[in-house]
Amino acid sequence: MADGFDDRIERELLIAALPPRVATALTAQGDDAPDGDGLLEVVLDLGRPPTARYSDRELALDEGEVTEQDIDHVVASVSEFGDDNRAGIPRTLHRISAIRNRRGRIVGLTCRVGRAVTGSAGAILDLVESGRSVLLLGAPGVGKTTMLREAARVLADELGRRVVIVDTSNEIGGDGDIPHRGIGSARRMQVPKPELQHQVMIEAVENHMPEVIVIDEIGASLEASAARTIAERGVQLIGTAHGNTLHNLMQNPTLSDLIGGIESVTLGDEEARRRGTQKTVLERRAPPTFNSLVEIQSFVRVAVHEDIGATVDKLLRGFDADAEVRTLGAVGEVAQVERVSVAPSAHESLAGERDEARTEPRMLTPAPGGPPRRLLPFGVSRARLEEAITSTRSQAEVVDRLADADAVLTLRPYYRRRSGPLREAEARGVPVLVLRNNTVMQMAGALLRMRGDGEGADPTTAALREAEDAIAAVSHGGEQRIELTPQNSYIRRLQHELAARHGATSSSRGREPYRRVLVAPGPGAGAPPPWPRGAQPLEERR
C-alpha cells in the first residue's frame, strides 16, 4: 500500500535521534532503510549490538556494543518519557519505549517506526461509514493502530464527522502538542497518565460533542465501562483491545463486557437433564458495546464478525458461527471475500491454523466412494454412535484402539482434561471431534459434517432437521412422543408447520427461554397420548 504522506522529514528526524554509527549503518541498508516499508523498529540494548527488526528478519547494524552514551544520545533527542515509559519525536508517529533497571536507569530502547498508510482501513470502511461501533483485535505490530488512525482520518475528512481521538500514549496522533497530519481534521485529546484514560474518554463525550470517539488499547475494566457509557449515549466507537481473536476476548473476564459480558446461569434439574449438560451454563449478559469485531490477521487479511452479539450467542450455545475473511489488494481495496466457520471452542478457532488442522472435521471429508472412516469413542456411548452411523448411512465403523482410528469422538469435560487417549491423539495428529452432549443427534451431526452434508448449516436449518427426524420416528411407531430442543417462537412456528404438513401432531410446552415443541403421531397413526399439563397443541403463544 502506498503511503499518502510525505514523510521524508520524519525519516530524517528518526535518523538524527539515533547514535551516529547506528544511523550510518541503517542508512547504508539501501532499500531497507527507514524509507522502506520493511523496517519495523530499531533495538538498542546496553552491552549488545544494535539491531534493526524488519517484517521478515532481524539484522545487526554494528558489531560494537551499545553504550550508555548511545542510550543518552537518544534520550536527549526525544521528548520526555511518561509514566508508560514511552516518548516520541514531536509531529511524527515514531515511538521510543524504554527499559529501565531496578534503579530507574534506562538500559534499553525500542525505536518503533511509525507510518500513516493511506488505504490501510479499506477492509473495514463499510463498517465505519455505516456508523457501527467497531472493535479491532490483533497481535502487536500487525497494524491495529495504523488502521485506527486511517479510519479516524476518513471519518473526519471524507465523511465530515466530528471525530475525537483519545490518545493515551500519543501513538495515534504522534508526539507533541500539534497532532500528526495522518489523523486529518480529527481532534486529539492526550491522556496525562494511562490510568486516567477512562476519565478522558468520558470528558471527551461531555465537553466536545463528538459523533465518533477513537480509542487505542482498551485494557482495563474502567475503560471497558467507560466505552459502554459512551455507546449508550449514541456515540460511535472505533477502538482496539488486547487479544488476538474473539475467543481471547470471551475468555477475558475484564474485557468480555465489550462484547456483552458472559455470565454463568444455573439451570433447573429437568432442563439440565434434557440438555444433557451441567446445571451451570454460560450466556451473554447484556447487549455488546461494539456492534462489530475485526480480527486483524495480517496487514492484508482480516476476519470480520459483523454482528458480534449474534456470533457470541451462537458460540456460547455450541453452534458454529461464520466470519467474513477479507483480503486486500495492492491499492487497499477488498480483493477477496470468503466465509469461514468459527467453532465454539478456542482450539477450533480460525486463527489457530495448527489447532484447526488437528480438530477441523472437514479434513475427514471423504471423496465419493472413498474408504470408510474408523472412529474411536472416548467418553461417549458406543451403542449410540453405532445407531448414529446406521441412521445417517455413513461409511464409518467403531474401533477400540487409537492406532486403528481416523478420528476420536469425545465430550467437552474429557477434552478439557486431555485424559486417556486424547493426549496421544493430539501428539499423533489424529483429529479430535468434541461433542456438546452424549446424544445420537450430536453424533449424527458430527458424522454428517465429516461426510460434508449440512456443513455450515445455521441453527434454523438444524432445528428443522431435528423436527424432521422426530416426525419420521413417531410416524413409524418408534416413539409415542419426542421433545425437541428449546427454540425461539419463530423457529417453533416453523416446526409446528412442518409437523402439520407431514400429518403429525405438535404442541409447545415450558417457559421462555426453554419453551420447546413436542411431536406425536397424527390422528391417522392412532390416538396420541395425553399432552402434559401446560402444553398448547398446534399454536404458539409468546
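Ground rule before I start: I call a residue buried under 20% relative accessible area, exposed over 50% and partly exposed in between, with a 1.4 Å probe and protein chains only.

**Entry 1: setup.** This is a predicted model, so I noted the limits: local features need pLDDT of at least 70, side-chain atom pairs count only at pLDDT 80 or more, and totals for chains, interfaces and linings use all residues. Numbering runs from 1 along each chain as its sequence is written, and side-chain values use heavy atoms, with hydrogens and water left out.

**Entry 2: whole chain.** I looked up the secondary structure and got 17 helices and 25 strands. Those are DSSP runs numbered from the N terminus, helices being H or I with at least four residues and strands E with at least two. The protein chain has 542 residues, and 49% of them count as buried. For contacts (heavy atoms within 4.5 Å), I took those with a separation of 6 or more; residues 24 or more positions apart account for 59% of them.

**Entry 3: L137.** I found L137 in strand β7, residues 134-138. Buried or exposed? L137 has a relative accessible area of 0%, so I put it down as buried. Leaving out residues up to four places away in sequence, L137 touches a list that includes K144, A241, H242, G243, N244 and L293. I also checked the C-alpha atoms of L137 and N244: they are 5.4 Å apart, with the two positions 107 residues apart along the chain.

**Entry 4: M201.** M201 sits in helix α6, residues 197-208. Its relative accessible area is 0%, so M201 is buried as well. What does M201 contact, leaving aside neighbours within four places in sequence? I got V166, I213, I215, E223, A226, A227 and I230. V214 is 13 residues from M201 in sequence, and I read 9.3 Å between their C-alpha atoms.

**Entry 5: second largest pocket.** I read a volume of about 1000 Å³ for the second largest pocket. Its lining has 42 residues, and the closest to the centre are G141, V142, G143, T146 and F299. Elements giving two or more residues to this lining are β1 (39-45), α5 (144-158), β10 (212-218), β11 (236-241) and β14 (292-298). For my own reference, a pocket here is an open set of points on a 1 Å grid over the protein atoms alone, where a 1.4 Å probe fits, with protein on both sides within 12 Å along at least five of seven lines; lining residues have an atom within 4 Å of a point. The volume is the space filled by probe spheres set on the points, which are joined across faces, edges and corners. Which element gives the most to the lining? It is α5, with 5 residues.

**Entry 6: α5.** I followed α5 further and found it mostly covered, with 12 of its 15 residues buried. Among the buried ones are K144, M147, R149, E150 and R153. I checked its length too: the expected span, 1.5 Å times one less than the number of residues, comes to 21 Å, and the end C-alpha atoms are 21 Å apart, which agrees. Just after α5, G160 takes a positive phi of about 70 degrees.

**Entry 7: positive phi outside glycine.** R91 is not a glycine, yet I read a positive phi of about 65 degrees for it. R91 is in the loop between β4 (86-88) and β5 (95-100). E217 also has a positive phi, near 60 degrees, but E217 is in strand β10. E217 comes out at 30% relative accessibility, so I logged it as partly exposed.
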